[in-house]
Amino acid sequence: MTDVQTPVDIEASLAGRKLTHGKLPRYTPMAVFVGSLVLVGGLLAVLGSFSIPLTVFLGVLLHAVVLLVVTRMVEGGRAAKDRLATTLMYSAFGLALIPLISLMWTVLQNGLKRFDLYFLTYTMRGVFGGMDAGGAYHAIIGTLEITLFATLISVPIGLLTAVYLVEYGPTRLGKAITFFVDVMTGIPSIVAGLFAYALFVLFFGPGVRMGVVGSVALSVLMIPVVVRATEEMLKLVPNELREAAYALGVPKWLTIVKVVLRTAAAGIVTGVMLAIARIIGETAPLLLTVGVVNSANFDLFDGRMMTLPVYVYRQYSQGFAPNGITTINYDRAWAAALTLILIVMLLFAVARLVSRFFAPKTGRR
């Protein structure tokens with residue numbers, strides 16, 4: 001027969017147990033991380049094999065182990081597991097930032113040599129060989145016009161397609177559209193260029209080179225990205241909002257326009273910007289459909305146009321100047337790459353402002 005514990009016995013058995021744990025200061029993770037880096041860096045310096053990547057790698061490992069042990073001793077096992085998961089998350093984030101920071105630093109280091117007002121306002125017209133002149137003004141104009149027209153083609157088609165797929169239920173047509181969107185997502189960019197070129201050859205004959213052909217090629221790549229991004233954003237809109245509008249007698253089309261799209265506006269704008277970032281750096285389809293020119297052309301429907309990706313490719317492929325000393329072609333290529341990155345960053349900043357303006361919590365009432 002087992003003994004029945006009285007409240008006095010239970011209180012006595014719990015007297016020696018800690019029902020609460022201590023709490024580490026908020027600065028503990030950062031202090032442990034800095035101490036780990038200093039310790040590892042000092043040891044490697046003493047051994048004569050100091051390097052920044054190795055110091056960071058070993059420092060992060062030591063930081064994770066020390067923080068796990070200290071947290072387990074002070075705060076308990078559950079808090080230690082939480083600290084470990086947090087450390088792994090931040091480590092993965094830092095690892096993802098390494099190539100981004102390296103890329104930005106390389107582009108800035110090489111592109112600032114040539115990046116100035118002259119480079120942004122002059123074309124390559126009349127520039128030959130290794131002449132220390134010329135800029136990317138014509139390429140900037142071509143990139144902006146072609147990308148803008150591709151966006152005007154892709155956004156309405158992608159938005160309406162996503163609305164049909166989400167709001168009007170899974171039908172045979174919807175399943176077929178979903179299948180073809182998935183197929184289009186994996187189409188190589190050169191295939192999109194060949195498609196656009198073959199399409200316009202039927203109407204204008206062989207050798208056609210126009211900015212609008214490049215816009216059509218880029219729209220083939222952009223449409224599936226817009227459809228997928230918009231579709232996911234529309235699925236996140238709660239059904240209660242739709243049902244509330246229907247209960248008030250609002251037609252379905254007006255509910256979609258005023259409620260669903262307005263609620264998902266911020267995410268849709270972000271998805272469109274991701275699609276623009278996907279196509280603005282394409283080179284192969286533009287080299288095939290738009291061609292190369294050294295002067296500015298503002299007409300999408302007449303003549304060749306230059307774009308920044310093609311400009312970078314052309315300048316870098318030309319290599320060293322004939323005298324074998326100057327690297328002006330490489331400098332122009334890096335400056336054009338920096339210009340392209342700055343354009344993308346500016347577009348994302350504008351998109352964030354637009355999404356804030358149309359978001360329900362900050363929109364006009």
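**Helix packing and a bent helix in a predicted model**

Helix α6 (residues 137-167) packs against helix α7 (residues 172-185) at an angle of about 130°, and their axes lie 10 Å apart. That angle makes α6 oblique to α7, because it falls outside the 65 to 115 degrees counted as roughly perpendicular and is not over 145, the cut-off for roughly antiparallel. The model is predicted. Its chain contains 15 helices and zero strands.

**The α6/α7 pair**
- The two helices, α6 and α7, cross in a left-handed sense.
- On the α6 side, Thr 161, Tyr 164 and Leu 165 take part in the meeting with α7.
- On the α7 side, the residues met are Leu 173, Gly 174, Ile 177 and Thr 178.

**Helix α9**
- Helix α9 covers residues 211-235, which is 25 residues.
- At 1.5 Å a residue, α9 should span 36 Å, and this agrees with the 36 Å between its end C-alpha atoms.
- A bend of about 30° occurs in α9 at Leu 221.
- Pro 224, a proline, follows Leu 221 within four residues.
- Most of α9 is covered, with 19 of its 25 residues buried.

**The chain as a whole**
- The chain has 365 residues, of which 36% count as buried.
- Taking contacts between residues at least 6 apart in sequence, 70% join residues at least 24 apart.

Note on methods: Residues are numbered from 1 along each chain as its sequence is written. This is a predicted model: local features need pLDDT of at least 70, side-chain atom pairs count only at pLDDT 80 or more; totals for chains, interfaces and linings use all residues. Side-chain values use heavy atoms; hydrogens and water are left out. The expected span of a helix is 1.5 Å times one less than its number of residues. The bend at a residue is the angle between axes fitted to the seven residues ending there and the seven starting there. Buried means under 20% relative accessible area, exposed over 50%, partly exposed in between (1.4 Å probe, protein chains only). Axes are lines fitted to C-alpha atoms, for helices over the stretch in contact, and angles run from 0 to 180 degrees between N-to-C directions. Angles under 35 degrees count as roughly parallel, over 145 as roughly antiparallel, 65 to 115 as roughly perpendicular and the rest as oblique. A crossing is left-handed if the near helix is turned anticlockwise from the far one by less than a right angle, and right-handed if clockwise. Contact means heavy atoms within 4.5 Å.
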